[in-house]
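User: I am new to this structure and would like to understand the terms applied to it. Please set each value against its definition.

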Amino acid sequence: MSRFKNKVCLVTGAASGIGRATAMSFAKEGAKVVVSDVSSKGIDVVETIKSLGGEAFYQHCDISDWHSVELLIEKVVEVYGKLDCAVNSAGIAGQVSQPIHSYPFADWHKQIAVNLTGSWYFLKASINQMLEQGSGSIVLVSSAAGLSGHSENSPYSASKHGIVGLTRTAALEYADKNIRINCVCPTAIETPMIMEGRRNLAQDPEALMAINNYQAMKRMGQPEEVASVNLWLCSHESSFITGCAMPVDGGALSK
Ligand SMILES: NC(=O)c1ccc[n+]([C@@H]2O[C@H](COP(=O)([O-])OP(=O)(O)OC[C@H]3O[C@@H](n4cnc5c(N)ncnc54)[C@H](O)[C@@H]3O)[C@@H](O)[C@H]2O)c1
């Protein structure tokens, strides 16, 4: 398939996990890919894309810093001349498990800054460019924790609920401007965030089994299974869909 031939596709958080899988999938479908992250491991992703015959470059960006996000979009347009598809997969989950009354202030502020304010910055800068060119499609990465409560991780759940609100609001504001905005809401996806994160599933077989069983399919999803939804939401195949918060959940939310 080459659904994205001659399309310019930007992915943040593209050094790892869902973002990396999304960048690779865009490249395999012919896109010119901008790989962005705070981590220079994104450079390895670009090398891999190029070794497979694809076209890509790396641009460092801290999604929680407006000037960094502004510079990212400027760089995309400077190098490739436009921005067709933009996926914001940059995100953090927090390192502690605590109820609200004892949750640390610093972890609250950090997650809100990266996950929620970062998503707003990403929308603001991407939409500015898409308005100028008269088209575009944006996917934000929320979470199942953006559709239901998530005990002992209040900033994560609040920031991911916020992303759903941003998605719906942005969809209404730009529906008649040929710009579509959607978000995905995955449950457990096997990436470093969840395997090496606060629950350290890689070292805890019991917790791992509990996480697997949360999905009706009794397994975690793979990053590629979210990437394929991201691409579909960016593609012409979903041309009548905007403002959608799409679960990617192995049936978990059907319970
Ligand atoms: N893995 C899951 O189970 C799961 C479930 C639901 C939602 N999500 C969401 O999916 C997205 C991707 O997560 P993942 O599982 O691939 O995790 P990951 O840790 O593998 O990848 C996240 C990437 O974001 C980058 N990043 C972190 N802070 C950043 C910042 N300030 N600016 C730019 N980049 C930054 C990291 O360097 C990393 O490369 C996140 O928004 C996460 O909340 C993940």
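User: What makes the space of about 460 Å³ a pocket, the second largest?

Analyst: In this predicted model, local features need pLDDT of at least 70 and side-chain atom pairs count only at pLDDT 80 or more, while totals for chains, interfaces and linings use all residues. Residues are numbered from 1 along each chain as its sequence is written, and side-chain values use heavy atoms, without hydrogens and water. On a 1 Å grid over the protein atoms alone, a pocket is an open set of points with protein on both sides within 12 Å along at least five of seven lines, and lining residues have an atom within 4 Å of a point. The second largest pocket holds about 460 Å³, and of its 20 lining residues Gly136, Ser137, Arg180, Cys234 and His236 lie closest to its centre.

User: Where does the ligand sit?

Analyst: The ligand sits in the largest pocket, because that wording requires more than half of its atoms to lie within 2 Å of the pocket's grid points. That pocket has a volume of about 1300 Å³ and is lined by 50 residues.

User: Why is the pair formed by isoleucine 189 and the ligand called a polar contact?

Analyst: A polar backbone atom of isoleucine 189 is 2.8 Å from an oxygen atom of the ligand; a polar contact is a pair of N or O atoms within 3.5 Å, therefore this pair qualifies. A backbone N or O atom of threonine 187 lies 3.3 Å from a ligand oxygen atom.

Note on methods
A polar contact is a pair of N or O atoms within 3.5 Å; within protein, one must be able to donate a hydrogen and the other to accept it, and residues adjacent in sequence count only if both atoms are side-chain atoms. On a 1 Å grid over the protein atoms alone, a cavity is a set of points where a 1.4 Å probe fits but cannot get out, and a pocket is an open set with protein on both sides within 12 Å along at least five of seven lines; lining residues have an atom within 4 Å of a point. Grid points are joined across faces, edges and corners, and a volume is the space filled by probe spheres set on the points.
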